[in-house]
Amino acid sequence: MCDTCGCNLTPGNRHLAFKPVAPGSTAVSVLKNLLAKNDDQATHNREHFDRRGILALNLMSSPGSGKTALLEATLAALKDEFTCAVIEGDLETENDALRIRALGVQAHQIVTGTACHLDAHLVHDALHRMNLDGVDILFIENVGNLVCPASFDLGQHLNVTLLSVTEGDDKPAKYPVMFRAADAMLLTKTDLLAVLDDFDPDKAEAHLRNLANPAPVMRLSARRALGMDAWLAWLRNELAAQRARVKHGQTRRPAIQPDGAQLHRATA
Amino acid sequence: MHELAVAQALIEQVGDVIRQHRAQRATRIRVRIGPLAGVVPELLGNAFPLAATGSRMEHAVLDLVAAPITVRCETCDAETEATMNRLVCAACGDWHTRIISGDELLLESVELETTPSLTSGL
Ligand SMILES: Nc1nc2c(ncn2[C@@H]2O[C@H](COP(=O)(O)OP(=O)(O)OP(=O)(O)O)[C@@H](O)[C@H]2O)c(=O)[nH]1
Ligand SMILES: [Mg+2]
Ligand SMILES: [Zn+2]
Ligand SMILES: [Zn+2]
Ligand SMILES: [Zn+2]
Ligand SMILES: [Zn+2]
């Protein structure tokens, strides 16, 4: 094993790895996840959360699916029960953080500029600028984007993917990488279902199952306070599960982390 | 697009391998990409030369190896091929499956140009 670069060399495969390909050259077998540096940083972030018993969630969706509206309704509902904090990721503006702060909740805004996703380093910088003492739940609102946020582990324990009923029920089939990463799928803006006759919540759920994803599907409207109880109950339950894990020195990685990487390594 | 971020991560990793093995440069880089990794191989192929300019892998050939999607069924244990948005078992139709291949984004291997003295030592 080569410690510095972390390549998977063992005495057994060394002869394969260092097979000379031509005079003066060498082929090195590495077998390392390309995003390993991000993943290492994410692991460190998770340690920050676990040390404090914080449950961290990553909210992902298309732009405008209702992530901030859901947070506003959630924070208001939980304000006497838990201490929450929010990290907001947006390409531009502090608008979403301002909406959260208006509720008296700590919010740190990450303005990504051109980057269309948050990564573990950006989140780590934010963590060190926040006061995490006494925080029970940290919500990270990712940049509105159904593509790349799914590839970057931030250190969260759970991914929550929102799909608003105005977007079409086949989104999970069109964006499988994103929806495969969901630990919970929220169908949002259900108050609009009455006027949108072509969105079938059952179909959306069936598309999610086709991705071999067992995540719970909750239907809600943050604006009309419909279906919020199931979501809040899920949050309470997940916080209790996180506290039990922390007690036993365990943690949880979100569905975003392909456990396949481990498998490939073992079989490679 | 995040393929640039992925290209930069690749360059950092290959740079580590070059330094670790005290090589002059990388001549060939092999990356294995599954369709479910969320990285478009063509975009990564375009981003790599831009990100590698001026580095010790600037002229390296980037081999992008496509990985097939394979799932193992938790119900009947069959290992079958699947597609991006239908990761169900092809044998029994159950959706309780696990990805065996298809979500990887791996730096597989790097070919290095080493100094003659180092090579003769191997
Ligand atoms: N009818 C209805 N509209 C909603 C609901 N939730 C959010 N909206 C509206 O949808 C729009 C976008 O909501 P946001 O909460 O800002 O969405 P977002 O996902 O945070 O958006 P970005 O951060 O820009 O990606 C706003 O006009 C909201 O008022 C809902 O439950 N019902
Ligand atoms: Mg928002
Ligand atoms: Zn090495
Ligand atoms: Zn991105
Ligand atoms: Zn730290
Ligand atoms: Zn089966």
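A residue counts as buried here when its relative accessible area is under 20%, as exposed when that figure is over 50%, and as partly exposed in between. Keep those cut-offs at hand as we walk through this predicted model, since several stops on the tour depend on them.

Let's begin with chain A as a whole. Its fold has 10 helices and 8 strands. Of the 268 residues in chain A, 57% are buried. The accessible surface of this chain comes to about 11200 Å², and carbon and sulfur atoms account for 52% of that area. The contacts also say something about how the chain folds back on itself: among those between residues at least 6 apart in sequence, 71% join residues at least 24 apart.

Helix α5 of chain A, residues 120–127, is a good place to look more closely. The buried residues of this helix are A:Ala120, A:Val123, A:His124, A:Ala126 and A:Leu127. They cover an arc of only 160° around the axis, so they sit on the same side of α5(A). What lies over them? The cover for the buried residues of α5(A) includes α2 (36–52), β3 (84–90), β4 (106–111) and β5 (137–141) of chain A. At the start of the helix, you can find a side-chain oxygen of A:Asp119 that reaches to within 3.0 Å of the backbone nitrogen of A:His121.

Now turn to ligand 1. It is surrounded by 18 residues, and the closest are A:Lys67, A:Thr68, A:Ala69, A:Lys189 and A:Asp191. Three polar contacts are worth finding on your screen. A polar backbone atom of A:Ala69 is 2.8 Å from an oxygen atom of the ligand. The side chain of A:Arg99 places a polar atom 3.0 Å from a ligand oxygen, and an N or O atom in the side chain of A:Ser221 is 3.2 Å from an oxygen atom of ligand 1. On its own, ligand 1 has 650 Å² of accessible area, and the protein covers 73% of it. Two elements of chain A, α3 and α4 (95–101), give two or more residues to the shell around the ligand. Of the elements, α3(A) gives the most, with 3 residues.

Helix α3 also leads us to the charged pairs. Side chains of opposite charge can pair when their charged atoms come close. Over all chains, a search of the whole structure finds 21 salt bridges. One of them joins the side chains of A:Glu72 and A:Arg223, with N to O at 4.0 Å. This pair links distant parts of the chain: A:Glu72 belongs to helix α3 (residues 67–78), while A:Arg223 is in the loop between β8 (217–219) and α9 (228–247), 151 residues apart. The two partners sit in contrasting surroundings. A:Glu72 is buried, because its relative accessible area is 18%, whereas A:Arg223, at 58%, is exposed.

A second salt bridge in chain A connects A:Arg101 and A:Glu94, with 3.3 Å from N to O. Here A:Arg101 is partly exposed, with a relative accessible area of 35%, and A:Glu94 is partly exposed too, at 36%.

Chain B offers its own example. B:Arg32 forms a salt bridge with B:Glu108, and their closest N and O atoms are 3.8 Å apart. B:Arg32 lies in strand β1 (residues 25–33) and B:Glu108 in strand β6 (residues 105–113), so the pair ties together parts of chain B that are 76 residues apart in sequence. Is each partner buried or partly exposed? B:Arg32, with a relative accessible area of 24%, is partly exposed. B:Glu108 has 18% relative accessibility and therefore counts as buried.

Salt bridges also bring the two chains into one picture: A:Lys37, B:Glu12, B:Asp16 and B:Arg19 are linked in a network of them.

Our last stop is B:Met57, found in the loop between α2 (41–52) and β2 (61–66) of chain B. Although it is in a loop, B:Met57 is buried, with a relative accessible area of 3%. Leaving aside residues up to four places away in sequence, B:Met57 touches B:Ile11, B:Val14, B:Gly15, B:Ile18, B:Ala26, B:Ile29, B:Phe48 and B:Ala52. For another reference point, look at B:Arg28: its C-alpha atom is separated by 8.3 Å from that of B:Met57, with their positions 29 residues apart along the chain.

Technical notes: Residues numbered from 1 in each chain as written. Chains lettered and ligands numbered in written order. Predicted model: local features only at pLDDT ≥ 70, side-chain atom pairs only at ≥ 80, totals over all residues. Heavy atoms only, no water. Helix = DSSP H or I, 4+ residues; strand = E, 2+ residues; numbered from the N terminus. Buried < 20%, exposed > 50% of the residue type's maximum accessible area, 1.4 Å probe, protein only. Arc of directions from axis to C-beta. Contact = heavy atoms within 4.5 Å. Polar contact = N/O pair within 3.5 Å; in protein donor to acceptor, adjacent residues only side chain to side chain. Areas by Shrake-Rupley, 256 points an atom, 1.4 Å probe, with all protein chains shown as cover. Near = heavy atom within 4 Å.
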